[in-house]
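Colleague: Please take a close look at a single part of this model and describe it together with its surroundings. I should be grateful if each technical term were explained where it is used.

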Amino acid sequence: MVLVPAFDPPYIGESPEDSVKRIESLADIRRAPNGHGHMIWHVWGKGTPLVLLHGGYGSWLHWIRNIPYLATRFTVYAATMPGFGESSDLGDPQTIQHLASIVSEGIDHVIPKDTPYHMAGFSFGGIVGGNVAALQGERQLSHTFSGSSGMGLTRNRLEEFHSWRAAETPEARMAAHRKNLEILMIADPKKVDDLALYIQNWNTPKGRVRSHKMGQADNLSEALSKAKCRLMGLYGSCDAYGKGHLHERVEFLGRFRDDVIFRQIEGAGHWACFEAAETFNEMYWAMLDEIGA
């Protein structure tokens, strides 16, 4: 497998701004109507469609270290969901089900009709994706959860987040972002790099959906009872919310499919697709091979 040189993942020595600009410049940017404006999709690659859904207070940037790799095999459709990033507002009702219906309609808009596709969702995106699967039926081939809650299961209590909104200087704001990344997103503080901080600083002010509250209740059982696709999980073993309780996630998904595939990335945290991107990419690729994708 050979990466296109201009489409390499972000590399050491490249500024975050340059990484984002370079990778985004290669995307076909599409807009799907969402009733209150538009929902933005970034598209790369060629092959079976793969939809990527970001986490809470996020955007397509949550997947920036995975897209160049995955786009060598798939047509990657990285969504920025309504109420996040540069997409238009979600509008009422502010529910998982409403958001999932807009994402599902967006898929129908940007991916050729009746074309099968795979989906992966990071954190909040996994919860939305599980609800999308209920709407898309046989067309959705697989859905992979990474760091997702929304199952009504045990969630570890976390240290209180630092307020970046209350920061009086740019330095204090970035210090708050760093601390919050260490609390929730990245297990190894040494891996909170400039790119992680740049993405966090870009994403968070643009998050207008209170997604963290939607991850506490069971927002998946009803949807997954209707879903037809294969279910998979790829979590960091040190996920801030799930550490010590990942077996509950396996058991939960097993209620709906007896062929669930679940893998852990040793030492990685909640944002495993960023913190341990190379391992995540290789493991996800192998999981898709396992189901014959």
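Modeller: Helices (H or I, at least four residues) and strands (E, at least two) are DSSP runs, numbered from the N terminus. By this naming, glycine 35 belongs to the loop between S1 and strand S2 (38-45). The model is a predicted one, in which local features need pLDDT of at least 70 and side-chain atom pairs count only at pLDDT 80 or more, whereas totals for chains, interfaces and linings use all residues. Residues are numbered from 1 along each chain as its sequence is written, and side-chain values use heavy atoms, with hydrogens and water left out.

The part chosen here is strand S5, and the sheet that holds it comes first. Eight strands form an open sheet with mixed pairing, in the order S1-S2-S4-S3-S5-S6-S7-S8; two strands pair if DSSP finds at least two bridges between them. Strand S1 (28-33) and strand S8 (261-265) are the edges, and each has a single partner strand, so one side of each lacks a neighbour in the sheet. On average, neighbouring strands are turned by 20° against each other, direction ignored. The axes behind such values are lines fitted to C-alpha atoms, for helices over the stretch in contact, and angles run from 0 to 180 degrees between N-to-C directions.

Strand S5 (residues 117-122) has six of its six residues buried, so the rest of the structure largely encloses this strand. Buried means under 20% relative accessible area, exposed over 50%, and partly exposed in between (1.4 Å probe, protein chains only). In a regular strand the side chains alternate between the two faces of the sheet. Here Tyr117, Met119 and Gly121 point one way from S5, while His118, Ala120 and Phe122 point the other way.

S5 has pairing partners on both sides in the strand order. With strand S3 (residues 48-53) it pairs in the parallel sense over four bridges, and leucine 50 has histidine 118 of S5 as its bridge partner. With strand S6 (residues 140-146), S5 pairs in the parallel sense over six bridges, and alanine 120 stands opposite threonine 144.

The path from S5 to S6 passes through helix H4 (residues 124-136), and the three elements make a right-handed β-α-β unit. A crossover is right-handed if, with the strands pointing away from the viewer, the path from the first strand over the helix to the second runs clockwise. Arginine 139 lies in the loop between H4 and S6 and counts as buried, at 11% relative accessibility. Its contacts (heavy atoms within 4.5 Å), apart from neighbours within four places in sequence, include Asp108, Pro116 and Tyr117. Arginine 139 thus touches a residue of S5 itself, namely Tyr117.

Phenylalanine 122 also lies in S5 and is buried, at 1% relative accessibility. Not counting residues up to four places away in sequence, phenylalanine 122 touches, among others, Leu53, Trp63, Ser146, Met185 and Trp271. Cys273 is also one of its contacts: the two residues are 151 positions apart along the chain, yet their C-alpha atoms are separated by 8.0 Å.

Glycine 35 offers a contrast with this strand. At 74% relative accessibility, glycine 35 counts as exposed. Glycine 35 and arginine 22 are 13 residues apart in sequence and 31 Å apart in space, C-alpha to C-alpha.
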